[in-house]
Every structure is written in C-alpha cells, then in structure tokens.
Amino acid sequence: MTFGVVMLVHAEFDRAEQVIRHWVGGGCPVVVHVDSNVDVDAYGGFARSLADLETVQFCQRFRCEWGMWGLVEATQAASEMMLRNFPEVSHVFLASGSCLPLRPVSELRAFLSNRPKTDFIESATTADVPWTVGGLDRERFTLRFPFSWKSRRKLFDRYVRLQQVLRVKRRIPAGLVPHMGSQWWCLTRHTLGAILNDPKRRTYDRYFRRVWIPDESYFQTLARLHAKRIQSRSLTLSKFDFQGKPHIFYNDHAEILRRSECFVARKIWPNAGLLYRVFPRQPDSQLTDAKPNTGKVDRIFGRALERRTRGRPGLYMQSRFPNVARANGITAVPFSVMQGFDCLFPNFEKWLSGQTGAQVHGHIYAKDKAHFAGDAPIFSGALSDSAVLRDYNAAGFLTNLVWNARDTHQCIMFGPDDTQSIRWLLAHDTNARVWVITGAWSIPLFLSGKPAGKVRAEAARLQRIEHKLLKVLRAPDAHARIQICTLADFLENPRAILQEVVDEIAGHKAKEVSTLPEMADLTGLAEFLQELKNQGMHPFLTGDILADAEKRPPPTSEPKSYVVGHK
Amino acid sequence: MGAWTSYRLRMRRKRWKLRARRKGRELTAVQDRTHSIRPTDIILFCTFRNEDIRLPFFLQYYRDLGVNHFIFVDNGSDDGGADYVSGDPDVSLWKTDGAYGRSRYGIDWLTYLQDKYAHGHWALTVDVDEFFVYPFCDTRPIRALADWLEASEVRSFGTMMLDMYPKGPVAAAVYRRGDDPFKWANWFDPGNYTIKLNDLYRNLWIQGGPRARVFFDDKPSQSPALNKIPFVKWDRSYTYVSSTHMLLPRGLNLVYGQNGGEKSSGVLLHAKFLNIFSKRALEEADRAEHYSHGREYKSYVTENDTDPEIWCQWSEQYINWRQLEALGLMSKGNWA
C-alpha cells in the first residue's frame, strides 16, 4: 500500500526533478504531466534527467492555460495512467511542480493508510460560500467560457456581458451539485476510479469544458457523487491573495512552514534554496502524528490581505493615498479641537492635560508659528513649527501630527485668527471632536482694554471667520463629533461643559472635575459688548450675556432634580 | 481620461523618446558588455560625475541585492571613477561630455540606453547616492521582488526618497571610499512628509523631510520632490519624465492604493548629507547644471555658511526596513 503522486509541471524543471526524487525516494510512484507549451528540448532534457527512475512515467501532454479545461484533461490523463500502471497505489495525490513536501513522505503515507477510505478534497457549494474573486461564483457554472481570462481578457469580458444581457443559462447536468475548492486534492483509488469511469463522464466532460476554472470544480463536484467519506480540506498548504493568486513562500518562511506541520506547501519560489534544502524534514519519531496547524500562516497572510485592501487609516505615503471622501477615516485616531476655551481660561491647556492625560497643544495653526505642547520648536515625527511649512499643506500637517503621536490623544486650540484651511477636514473627519464656544474671541478684545470703537473692525473680522467655520460644522455631511455653544450658554454652567469635554477625551478613565481652571475676570464684558452693538457691530455669536452673568458665582455641581443618578 | 489629454501625453512621450534618440548621439561606449545580459537579468541604470569615492560601496550594495548588470553613463568625470567601474565584468560604461542640464539631468541618455538594452527587463534607475530598500530586502533578493511583481501583473514599484543625515554637523561625518555611508548618516525624519496629487501625470508629489525642514522652511514649494519610481519592468515605449519622479505612460505612476489599501512600496535611502556634501554643494551651485539651474544647491550654500546641524530630538535612527514599515514610510502591501 502506498500513494501515488500526479504532478503537473510547466516550468522550473530542476526544482520539479528535485521534488520528484523526494517522492520516489519515499516510495511513491509519480506520473508527470508536462504542459504542451513547453518546447521539445526542455521537455526532452527533463525526461532524460528522470530516466533513471523506474516509477516515474510521463503521460500524454495537453495545453494547460490558467482557468481552462486543459488542466483537467491533463489531470485525467495522468490519473488514468497512475491507476492503470501502479496497482499498489491506494491514494492519488495531485501536486504541481512548485509544491514542496514539508514532512517526510513516510509520515504522509502513514497518515493516509490510517484513513484508507477518506478523500481529502476541499469542496464547498457555491450557494453557501462566496469565495471567488471577480464576482463570478454561481455564474461560472451557468455561462459558457470559451475564451481565456489571462490572454483574451476583453473577449472574455464581452462574452460574459453578452450572455448576461441575453440571460443565457446553461443547464447543469442532472444529479450534479456544483462544488468548488482548492485544485490540489488527494483522492482514494475508489473515488478517482469511479470519477474517471463514470458512464456519464462524456456528458460531464462536455459540460465542464465550458465552465470557468474547471480545475477548481470538476473533481470537487464529482467527488461528491462517488466518495464514501470526504474530508473537505486540502492536504496542500496554499494561500491566496486578494487577486486570487497564490502567495509564494521564501527562505524566511522556513520556520512557519516547519511549525505548520502541513504535508505539502505551494507555491515555493524556485530560488528559495534554503527551503529546498531543509524540506522535507527528516523523519522524527515523536512528531509523526502531528496535525497540520496553519494558524500562524493564516495570520500572516490575513494581515497582508488586510493591509492591501484597507491599509492603515490615517496614513498617507507613497503607496497609500486614498481619495479622502472614500477612505476609512481621514486621520488615524480621535483627536480634539477646542475653540474659545483658552480665551476664557488663561491656563486652560495645562489644566486640561492634568485632567485627562492627553497631549494638549496651543494654537498649532497660529499665524506666527505652530505652538506645540510645552512650546517645543519641533514635535513628534520631526514636525517643524514653521508656519510657512505648515500652511503649505495644512491638512497634511494635521494628519501627520495625529499619525505621528497616535498613541496619545492630541488636543489642539483653535480660533478665528488661525489658518482656516483645515475647516473641511475638521467637519468631515469622524475622528475629530470639535468644541466651539462661539463669540469667545470677544474676550481678548475686551481684556485688551481698548475702547469698543477701536476694536470694532477686528471684532467684525473674527466674527465673520468664526461664522464661516460654524457654517461648515453645521453642514448636513459634517461627520465629526461637534459641540457648539454660545459664550452666554457656556457661562451659564461651565462646569457641566468642561466635564463633558473631560469625559469625551479621557473616556472611561475620566474623573469628576474637581477644580475648574481659573477664569479671566469678565467684569464689564456685558457693557463692552453692548458698546460694540452701539457702534453698529452686533456680536451675535456671543449669545445674550446679562450684565450680572459674569459676577454670578459658578453653580455648584448639585444634581438637578430631573437627573436620576449622577457620578 | 479625455481623448485630448490622452493625445497630448502621447505626443509628449513621443517627443521625449525622440529627444533621447538625439541625445544618445552624445554617448560614446567605453566598455560595452551588454551582450552578456541574459533575458531575465535585472539591470541597473545610473549616471554619475566625479563619484569615485562612492562607487565601490554602491556596486557592492547592489550586487548584494542581486542586480545582474550595471549600465553607467559617466558625465565627464576626472577622478578615475570610470576606470574603476569599467574593469568589472558586470558593468557596461558609456561616457559623454554633454551638458547634464540639457539632457534632462541625465534622463535622456538613460532613456536612450534603456530603449536599447532594458526592453523586457526589470530596470532599476538610481543615483550613486540612492540605496534601494524594499520589503524583505534583508532576506529576499531583488529577483524575488521582480518575480512577485510580475506574477501580480504590476509593472512599476514606487518608493520615497529618505534623506539620511548624521547626528552632529554634516562636515564631521567623514566619508571614506568603500565605507557604508549609513554608518554615519543613519538618522532620518520619520513623519513630516506632505503629499500632493499631480492630476496630469497621476503621480504623487511628495515633499518634506530634513531638506524642507532646514533649508526650505521659507519656500516649501521649491523643496525637492521625494517621490521616485525607480524599479520598472521596462518596455521600449516607456520614458521617465522628470528624473525618476514620474513616467509615461502615466498608468505606471499609479503605484499607490486609492481606496485606502496599501500597495507594496520601498524607500531610497539618500546618502547625501556627508562631509563630501558641502564641497559638492559649492561646486554644483557654481556649475548650475542641476534642476532649475541648481536652485536647490544654491539654497544649501547660502544656509551652509555655518555648518548646519540637521539632527533634532525627533530624528529616528535607522535600523532596518521593518522599522520604516512600522513608521509608515514604506509598505509590504500584499507581499508576505
């Protein structure tokens, strides 16, 4: 009792020879199919190199093109030859020239002889498993595919489209339920013989000849008719990327391949000399029963898929530049933007960072320079505080800042006197938390001590700019978390709003705000604003500030009557 | 794309090709070993001028990566570098005394040679101070990258140029012939690069890094471009447009994911800031053969009166490609 190997080869004959010698050395007969595209000299040389091996035979050659019927024909011919010429064979293992056995052949033989009636073939119904690339899963069984996808893509696409428009639908031969799975299987003599000698084989062959990628469905479907016991998995470790093309193994994969305890892996890079030297590994008396465990391999290739399809949000680089409207988030992680707070509280930044542990910057979009936390001239990622450099690509400056310091929550102060070109980003980035106290720009004007008549123009300018920002923030497609309140509303109850800010930034780690930051002395602000109005400049964004509002003591944090519980 | 744009770009490409053929006449073969190039060989293209001091390490670095053949254009060197390379069995050398500035900074000459020898090959086009780093470059030769790109039906591979600098004054990083320049210049700026999209050519325009931070902080738009596409499965119809920043046909410039995914990409480590730099800057500013009459070099010279310290507290020290990958300066993309 042994198993035989059917090997499909089209290139890299040196490596194929090497692997065939492993199989034969382990006592397995091999039937080789060489693609008929291979020229006579190369074929002759390859056949001669194996002439010394008696249990290696070459079968009739077919033209093998990816996704076409030739691959199935080749497999059929080689399998027939195997069953006919090597009666001792109980299982047939289908492999390619770039497959490499990882474990000793003896271990695979022991594994198979312990499971004499089991077929190992990955086989899933198309109805249940949406596996395929390109959207043609069910349709590959109901349309005709006479044209090669690889070499005649345009014709392929047009013919598919035409059939879809005409609503052509092939009838699937009675009794067949389309199944699909990995091309690389290991079937018992009984099942393979039954498939090849099926009285209706001509009907089936005629049908599958026009199915797309029949090598992934012919045996997978027919095995369901004949097999006694199917293990729906492949014994060959083979991972596919998002384009449906197999991942390649290199020297640096040696360790994970060894630990996978799979019997065979593909595809191996032909120049991966180390892999061809260390595999198949030497027989090991203790590990013969190890079960294949592909967890680590799956994780590595799963991550590659994730990186290629979704990437790292908030990263902009030479090979990732998403259209901002379609990307999954504009910046990397949540960050906060606060407008007006620092006008009210001179030491707000220090207070906030003490309350939340976040990194609190000053006005990083100020006209003179970027005021980083601690007034550093340079920040994480070697971001310069130069206003010219920053404004050259203001949005990029912000995405860089958030990306570089993505392990801490970043807060920035903002105001109508700063560079405004990041407005759109602030409103649309789902990571942005924007807090605005409207009209707070009036406080520095008031504190400057200049008469209302002198600062009137400046007040009007700041109000205009802030109004523009508010318009963008209030647009229906603004997806940032935005909180806007007027200066008057804020003064009603600063503690509640500051608590909200702290909760938002610190999350579940937030504590109840104990001390409020020291507020600027606003005595006389109401009169100042009234005077502005008298001059004809209505500071409508401040809200209605009552003359006594600024003198009112800050409300205590006693629970309001309608709040059931409180922190 | 509109038919008119398409036509315009096509004409532009034809013009560059024609121009390259004309400029090709300025070249004289010194050592032509191109007959030994095998069909699957990876070829490196490079123009240099008085770079003898850098050439030994350059050749060693790329031989270790697995480059099979080097095609050099020597633009009027007088320091013996040409003699040094022409003796090697994997080098072909042309020379010219033509004006660098009038051959699109050497690109015309290289385009001419690429047409002749690179058709159907993977071609790597770099300067003598640029060192190609790609994912897994410490364990997989450049042939593995080429095979993988080919299997994935990708024709061009994007990189960003990463300016490397020493800690301390640049003049103190004394470079000796044959040394690894990154023994001294092993610091870089990890996260201050800005990107714009060029609508016509569809390439990304990347600027920033230490050059923008130190030398161009008052005129960032003039700061040098850092996007490069040095590794291309060459076809006779291709041409570089401006240095190796972009190519025509413009589909080759789409080396970036547009829907959030990351394509595979690398970095060109740029060993510019060594002690040989200040002398060079003076010379090139005077010669005014580089981009926009050596504007870049002139601004180094004016800044350079006092030898600048480029290093800052947020500089990162170079370890390997995995570090660059983690920082987001390159990506494995789908290669694993």
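**Exercise 1. Place Pro280(A) in chain A and describe the peptide bond before it**.

Solution. Start with the location: Pro280(A) sits in the loop between helix H10 (273–278) and helix H11 (295–309) of chain A. Helices here are DSSP runs of H or I with at least four residues, strands are E runs of at least two, and both are numbered from the N terminus. Next, take the bond: from Phe279(A) to Pro280(A) the peptide is cis, with omega near -5°.

A word on the model: it is predicted, so local features need pLDDT of at least 70 and side-chain atom pairs count only at pLDDT 80 or more, while totals for chains, interfaces and linings use all residues. Residues are numbered from 1 along each chain as its sequence is written, chains are lettered from A and ligands numbered from 1 in the order written, and side-chain values use heavy atoms, without hydrogens and water.

**Exercise 2. Now try chain B: where is Pro249(B)****, and what joins Leu248(B) to Pro249(B)****?**

Solution. First, find Pro249(B) in the loop between strand E13 (246–248) and strand E14 (266–270) of chain B. Then check the link: Leu248(B) and Pro249(B) are joined by a cis peptide bond, omega about 0°.

**Exercise 3. Describe the backbone and the exposure of Glu12(A)**.

Solution. Begin with phi: Glu12(A) is not a glycine, yet its phi is positive, about 50°. Its loop runs between strand E1 (2–9) and helix H1 (13–25) of chain A. Finally, Glu12(A) counts as partly exposed at 46% relative accessibility (buried is under 20% relative accessible area, exposed over 50%, partly exposed in between; 1.4 Å probe, protein chains only).
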